[in-house]
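Here's a walk through one protein chain and its ligand, taken strand by strand. Have the viewer open and follow along.

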Amino acid sequence: MVGRGAYGKVLLVRLRGTERRFAMKVIEKSLLAKPSFVAYMKTERDVMARLNHPFLVRLSMAFQSRERLFLVMPFLKGGELFTRLRRAGLLMEAAVRIYAAEMILAIEHLHEHGIIHRDLKPENILLDDEGHICITDYGLCKVLPGGNKKKDRDSGEDGRAGAGTGTGEGSIVDAIKMQVALPSGADALHGSA
Ligand SMILES: Nc1ncnc2c1ncn2[C@@H]1O[C@H](COP(=O)(O)OP(=O)(O)O)[C@@H](O)[C@H]1O
Ligand SMILES: [Mg+2]
């Protein structure tokens, strides 16, 4: 088990016959008796399935058994930013700058899709194996009606598909990743104050 949230546990699992590892959120269907929980789960699944951004956790697969729902997502090996903060006590400014920049790009992507997270906290910000952030936990998101313009634009069939993210946003993400690929940047994410 890699985590426990308000409504279920998160397990580290391996896809049978492969070495691919995932995190799997397991939710008891008995909780669905509560209407507010149905909305919570639906939001979480829908938002996760819609996202495609390096600093946002996305849905790899979803399925169910008679008693449980399963949401499968990439496994974020670095754990919670909460734990990192607690262990380090204090973070170097260089690391904070990178975390802040990555957070802004992730939040900007959500807002472009009309999604307001509403539960941003260090427990819901995970770190990948290189120390980059990945925001998760979308159950409390507010999805604004008609707020999907960016997606519609990017997936248009007018020959310009992907122009919005591919050059603009992508290049900023790449720039940040390049920065942490440098020794000083890497130290910033892995070292402590
Ligand atoms: N993809 C993941 N990789 C690694 N750990 C995860 C992943 N998703 C969740 N966790 C762990 O499980 C905890 C609970 O997951 P979360 O989605 O926040 O559930 P809840 O809605 O119950 O808070 C997280 O705070 C984190 O520690
Ligand atoms: Mg959480």
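Which residue in β8 does Gly79 stand opposite? Gly79 faces Leu127 in that strand. Before going further, keep in mind that this is a predicted model.

## The overall picture

The protein chain carries six helices and 10 strands. Of its 193 residues, 25% are buried. If you take the contacts between residues at least 6 apart in sequence, 62% of them join residues at least 24 apart.

## The three-stranded sheet

The Gly79 and Leu127 pair belongs to an open sheet of three strands. Its order is β6-β8-β9, and the pairing is antiparallel. β6 (79-80) and β9 (133-135) sit at the edges with a single partner strand each, so one side of each has no neighbour in the sheet.

The link between β6 and β8 (residues 125-127) consists of two bridges, in the antiparallel sense.

## The five-stranded sheet

There's also an open sheet of five strands, again with antiparallel pairing, in the order β1-β2-β3-β5-β4. Here the edges are β1 (3-4) and β4: each has a single partner strand, so one side of each is left without a neighbour in the sheet. Helix α1 (residues 35-50) packs on this sheet and touches β3, β4 and β5, and its direction makes about 30° with that of β5.

As general background, strands of a sheet pair through backbone hydrogen bonds, in either a parallel or an antiparallel way. Now for the individual pairings, going along the sheet.

β2 (residues 8-14) and β3 run antiparallel and are joined by seven bridges. If you want to check the register, Val10 has Lys25 as its bridge partner in β3, while Gly8 stands opposite Ile27. These two strands form a hairpin with six residues between them, and Gly17 in the turn has a positive phi of about 80°.

On to β5: β3 and β5 also pair in the antiparallel sense, over seven bridges. Glu28 stands opposite Arg68 in β5, and Ile27 has Leu69 as its bridge partner there. So what is the bridge partner of Gln64 in β5? That's Leu69 too: the β5 residue is named as the partner of Gln64 and of Ile27. β4 (residues 61-64) runs antiparallel to β5, with four bridges joining the two. They form a hairpin with three residues between the strands.

## Around the ligand

How many residues are around ligand 1? There are 20, of which Gly3, Gly5, Val10, Ala23 and Asp137 come nearest. By class, the shell has 11 nonpolar, five polar and four charged residues.

Both domains contribute: domain 1 (3-74) and domain 2 (79-173) each give the shell at least three residues. Among the strands, β3 (21-28) and β5 (68-74) each supply at least two. Val10, one of the nearest residues, is the β2 residue whose bridge partner in β3 is Lys25.

## Two residues with positive phi

In general, most residues other than glycine have a negative phi. Asp137 is not a glycine, yet its phi is positive, at about 70°. Asp137 is found in the loop between β9 and β10 (142-143), and it is also among the residues that come nearest to ligand 1.

Arg118 has a positive phi of about 70° as well, and it isn't a glycine either. The loop holding Arg118 lies between β7 (115-116) and β8.

Is each of these two residues buried or exposed? Asp137 counts as buried because it has 22 C-beta neighbours inside 10 Å, and the cut-off for that is 20 or more. Arg118 is exposed because 10 other C-beta atoms lie within 10 Å, where 12 or fewer is the limit.

## A histidine in a loop

His53 is placed in the loop between α1 and β4. Why does His53 count as buried? It has 20 C-beta neighbours inside 10 Å, and burial takes 20 or more.

Which residues is His53 in contact with, leaving aside its neighbours within four places in sequence? Those are Ala106 and His109. Leu110 is 57 residues away from His53 along the chain, and their C-alpha atoms are separated by 9.3 Å.

Methods
Residues are numbered from 1 along each chain as its sequence is written. Chains are lettered from A and ligands numbered from 1 in the order in which they are written. This is a predicted model: local features need pLDDT of at least 70, side-chain atom pairs count only at pLDDT 80 or more; totals for chains, interfaces and linings use all residues. Two residues are in contact if their C-beta atoms, placed from the backbone, lie within 7 Å. A residue is near a molecule or strand if its C-beta atom, placed from the backbone, lies within 6 Å of it. Ala, Val, Leu, Ile, Met, Phe, Trp, Tyr, Cys and Pro count as nonpolar, Asp, Glu, Lys and Arg as charged, and the others, Gly among them, as polar. Domain bounds come from an automatic or database domain assignment. Two strands pair if DSSP finds at least two bridges between them. Axes are lines fitted to C-alpha atoms, for helices over the stretch in contact, and angles run from 0 to 180 degrees between N-to-C directions.
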